[in-house]
Amino acid sequence: AAMVEAMKAKDKARKDSLSMLLSALKNAEIDKRSPLTEEEADAVVKKEIKQTKETLEGSIKAGNNQERTDLLAAQVEILESYLPKQVSGDELIALIEKTLTETGATSKKEMGKVMGALTKATGGNFDKAAAAAELGKRLA
């Protein structure tokens, strides 16, 4: 439905992004040989975002034309809109405090255990860099 909407609106960036995403989802489904679960579909979307961001960074470094760079930036934004809301900010800090209490972690050696618990609690939908920085401050 979103693809048809994008075509009617003549929104090239949205149409191209959705086309790429639908193709990636279809390929993942074919590879798995069964329908994708919600988590697997989210993983495919995250992979597409990562690839598009890498292309965007390469485009910026190479100094390619601004139009292509803008198109890639728009594609990243469009793809991110199809992911569940990321846990960040105060909500993430509260979750980190709760997880630290539950796991009893006190040293940086246990950071992996805490990150694993955060991933499990949020389904992987949290700002990993911010969480790692916050844990770095809290763990000795």
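**Exercise 1.** Which residues does T122 touch, not counting residues up to four places away in sequence?

*Solution.* Begin by placing the residue in this predicted model: T122 is found in helix 6. Next, set aside the residues up to four places away in sequence, and the residues that T122 touches are V87 and L95. Finally, consider accessibility: the relative accessible area of T122 is 15%, and because buried means under 20%, T122 counts as buried.

**Exercise 2.** Determine which helices and strands the chain has, and decide how its spread compares with that of a compact globule.

*Solution.* Counting the elements gives seven helices and zero strands, so that reading from the N terminus yields the order α-α-α-α-α-α-α. The radius of gyration of the chain is 18 Å, whereas the globule rule gives 14 Å for 140 residues; the value for the chain is well over that figure, and therefore the chain is more spread out than a compact globule. Along the principal axes, the C-alpha atoms fill a box of roughly 55 × 40 × 25 Å. Turning to the contacts between residues at least 6 apart in sequence, one finds that 57% of them join residues at least 24 apart.

**Exercise 3.** Describe the surroundings of Q75, and say whether Q75 is buried or exposed.

*Solution.* The first step is to locate Q75, which lies in helix 4, spanning residues 66-80. The second step is to look at its accessibility: with a relative accessible area of 9%, Q75 is buried. The third step is to list its partners, and once residues up to four places away in sequence are left out, Q75 touches A13, D16, S17 and T52.

**Exercise 4.** Identify the largest nonpolar core, and find which elements give two or more residues to it.

*Solution.* In soluble globular proteins, nonpolar side chains tend to be buried together. Here the largest nonpolar core has 14 residues, and those with the most contacts inside it are I96, L100, M115, L118, F126, A131 and L135. Two or more residues of this core come from each of helix 5 (89-103), helix 6 (111-122) and helix 7 (128-138). Taking I96 as an example and leaving aside its neighbours within four places in sequence, one finds contacts with L118, A131, E134, L135 and R138. A second, separate core has six residues, among them L21, V76, L79 and L83.

**Exercise 5.** State what share of the chain is buried, and describe its exposed area and its charges.

*Solution.* Of the 140 residues in the chain, 31% are buried. The chain exposes about 9000 Å², of which carbon and sulfur atoms supply 54%. As for the charges, the chain has 23 positive and 23 negative ones, and their mean positions are 3 Å apart.

Key
Residues are numbered from 1 along each chain as its sequence is written. This is a predicted model: local features need pLDDT of at least 70, side-chain atom pairs count only at pLDDT 80 or more; totals for chains, interfaces and linings use all residues. Side-chain values use heavy atoms; hydrogens and water are left out. Helices (H or I, at least four residues) and strands (E, at least two) are DSSP runs, numbered from the N terminus. The radius of gyration is taken over C-alpha atoms; the globule rule is 2.2 Å times the number of residues to the power 0.38. Buried means under 20% relative accessible area, exposed over 50%, partly exposed in between (1.4 Å probe, protein chains only). Contact means heavy atoms within 4.5 Å. Accessible areas come from the Shrake-Rupley method with a 1.4 Å probe; for residues, only the protein chains shown count as cover. Lys and Arg count as positive and Asp and Glu as negative; His and the chain ends are not counted. The place of a charge is taken as NZ of Lys, CZ of Arg, CG of Asp or CD of Glu. A nonpolar core is a set of buried Ala, Val, Leu, Ile, Met, Phe, Trp, Tyr and Cys residues joined through side-chain atoms within 4.5 Å.
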